[in-house]
Amino acid sequence: MRFDTRLIHAAQPPDSLTGAVNPPIYLSSTFRQSAPNVHKGYVYSRSGNPTRAVLEATIGAIESGRAGLAFSSGLGALATLLEAYPTGSRIVAVDDLYGGTWRLMDHHRRQFGVNVDYVDMTDLANVRAALARPADLVYVESPTNPLLKIVDLKAVARIAHRAHATVAVDNTFATPALQRPIELGADIVLHSTTKYLGGHSDIIGGALAFGDAKLAERFAWLQNAVGAVPSPFDCFLVLRGIHTLGVRMRAHEESARAVAEVLDGHRKVRRVHYPGLDSHPQHALARRQMGGFGGMVSVELSGGSRAALGFMRRLEVFTLAESLGGVESLVDHPATMTHASVPKAEREAHGVRGGLVRLSCGIEDPADLADDVRTALGRS
Ligand SMILES: *Cc1c(COP(=O)(O)O)cnc(C)c1O
């Protein structure tokens with residue numbers, strides 16, 4: 001099955017009892033047993049729920065994995081992943097991470113003595129140097145958040161596996177519509193389904209997908225032990241979002257391109273970060289590795305924080321709000337919003353300064369988004 005067909009049909013047969021083309025929402029916390037421990041596969045909804053099972057199988061299938069697991073948030077998925085890395089473990093992570101991911105990893109470093117090294121993975125020499133010493137987990141985002149740097153996933157997976165490390169990729173920004181890390185050698189894929197998979201800014205959710213069934217079993221055990229599971233209703237909404245992921249990602253990209261073209265070369269703009277622009281340092285890699293460039297654009301304004309705040313205030317179609325990946329366009333100021341949990345020195349060393357603005361381009365008419373950005377820049 002080709003990808004857009006998989007989104008709608010993979011692992012989602014009509015309900016065997018009624019023929020319903022969408023899975024029923026099983027709002028039951030527990031399931032009758034005909035005798036102690038004799039049941040139909042479901043015991044208690046933390047351990048497993050039929051609606052969640054459909055979502056989990058679908059996520060596994062669309063990420064070209066062997067299995068998927070759903071969580072109550074992206075960070076719930078990450079917290080469960082990190083449960084597998086006890087004191088003394090070593091994690092090598094990309095240096096431009098989602099702020100909440102950085103915060104939780106830093107918490108594990110301080111609280112549990114997990115070693116975390118942050119590496120600029122756009123240069124593979126840095127990855128080789130970091131993995132000259134043993135590591136347990138290599139954690140990658142690509143495109144990164146908020147600077148939209150692209151990491152060569154195939155090469156990083158090869159280097160990591162030579163060092164016997166497990167490779168996890170946060171695929172929230174690209175989605176499986178544009179990039180399938182397991183096909184490139186990753187072992188685990190993480191999602192905040194809150195973003196593009198849900199796609200409508202109406203749920204908080206997370207997921208893990210696994211290339212290997214044994215690894216999935218280990219994390220299914222942890223999923224039940226930790227208990228950060230989503231409600232059946234939220235599972236249904238994520239599934240509904242997944243059905244339109246293909247068409248939405250094409251529309252998001254059309255919007256992002258229109259916005260990036262307005263910003264690119266504008267006299268008030270210091271730098272545009274969009275992997276689809278020829279000027280992006282990893283444009284060729286993005287073209288090779290991804291089936292499209294996605295809907296996220298970051299821009300650094302020449303006038304610093306003041307200019308950024310003025311620009312955001314003048315936008316009318318873009319809504320000032322955290323999050324991304326919904327049908328509506330959102331604007332974010334990483335330094336004071338999504339990445340405020342990263343200490344200033346650390347943040348600025350990586351290029352997240354006050355003048356940086358992150359745009360999640362929605363699926364409104366691209367011309368309206370381009371006009372909005374042009375107007376907001378013009379009067380500054
Ligand atoms: C939002 C986000 C997360 C965290 O997910 P939540 O659902 O908010 O817990 C992790 N990684 C990336 C790239 C994100 O954008």
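My pocket rule first: on a 1 Å grid over the protein atoms alone, a pocket is an open set of points with protein on both sides within 12 Å along at least five of seven lines, while a cavity is a set where a 1.4 Å probe fits but cannot get out; lining residues have an atom within 4 Å of a point. Grid points are joined across faces, edges and corners, and a volume is the space filled by probe spheres set on the points.

Note to self: this is a predicted model, with local features needing pLDDT of at least 70 and side-chain atom pairs pLDDT 80 or more, while totals for chains, interfaces and linings use all residues. Residues are numbered from 1 along each chain as written, and side-chain values use heavy atoms, with hydrogens and water left out.

**Pockets**

I looked up the largest pocket and got about 570 Å³ of space. Its lining has 23 residues, with Asp15, Ser16, Tyr26, Tyr42 and Pro50 nearest the centre. I split that lining into 14 nonpolar, six polar and three charged residues (Ala, Val, Leu, Ile, Met, Phe, Trp, Tyr, Cys and Pro are nonpolar, Asp, Glu, Lys and Arg charged, the others, Gly among them, polar).

The second largest pocket holds about 390 Å³. It is lined by 23 residues, and Gly74, Tyr98, Ser192, Thr194 and Lys195 are the closest to its centre.

**Ligand**

Which pocket has the ligand? I find it in the second largest one, where "sits in" asks for more than half of the molecule's atoms within 2 Å of the grid points.

I count 13 residues around the ligand, the closest being Gly74, Asp170, Ser192, Thr194 and Lys195 (near: a heavy atom within 4 Å). That shell has four nonpolar, seven polar and two charged residues.

Next, polar contacts, pairs of N or O atoms within 3.5 Å. A side-chain N or O of Lys195 is 2.7 Å from a ligand oxygen, a polar side-chain atom of Thr194 is 2.8 Å from one, and a polar backbone atom of Leu75 is 2.9 Å from one. Alone, the ligand exposes 380 Å², and the protein buries 93% of that (Shrake-Rupley, 1.4 Å probe).

**Cavities**

I get four cavities of 30 Å³ or more. The largest has about 90 Å³ of space. Its lining includes Asp95, Trp102, His339 and Arg347, and by class I have four nonpolar, two polar and four charged residues. Domain 1 (3-243) and domain 2 (245-379) each give at least three residues to that lining; the bounds come from an automatic or database domain assignment.

Technical notes:
A polar contact is a pair of N or O atoms within 3.5 Å; within protein, one must be able to donate a hydrogen and the other to accept it, and residues adjacent in sequence count only if both atoms are side-chain atoms.
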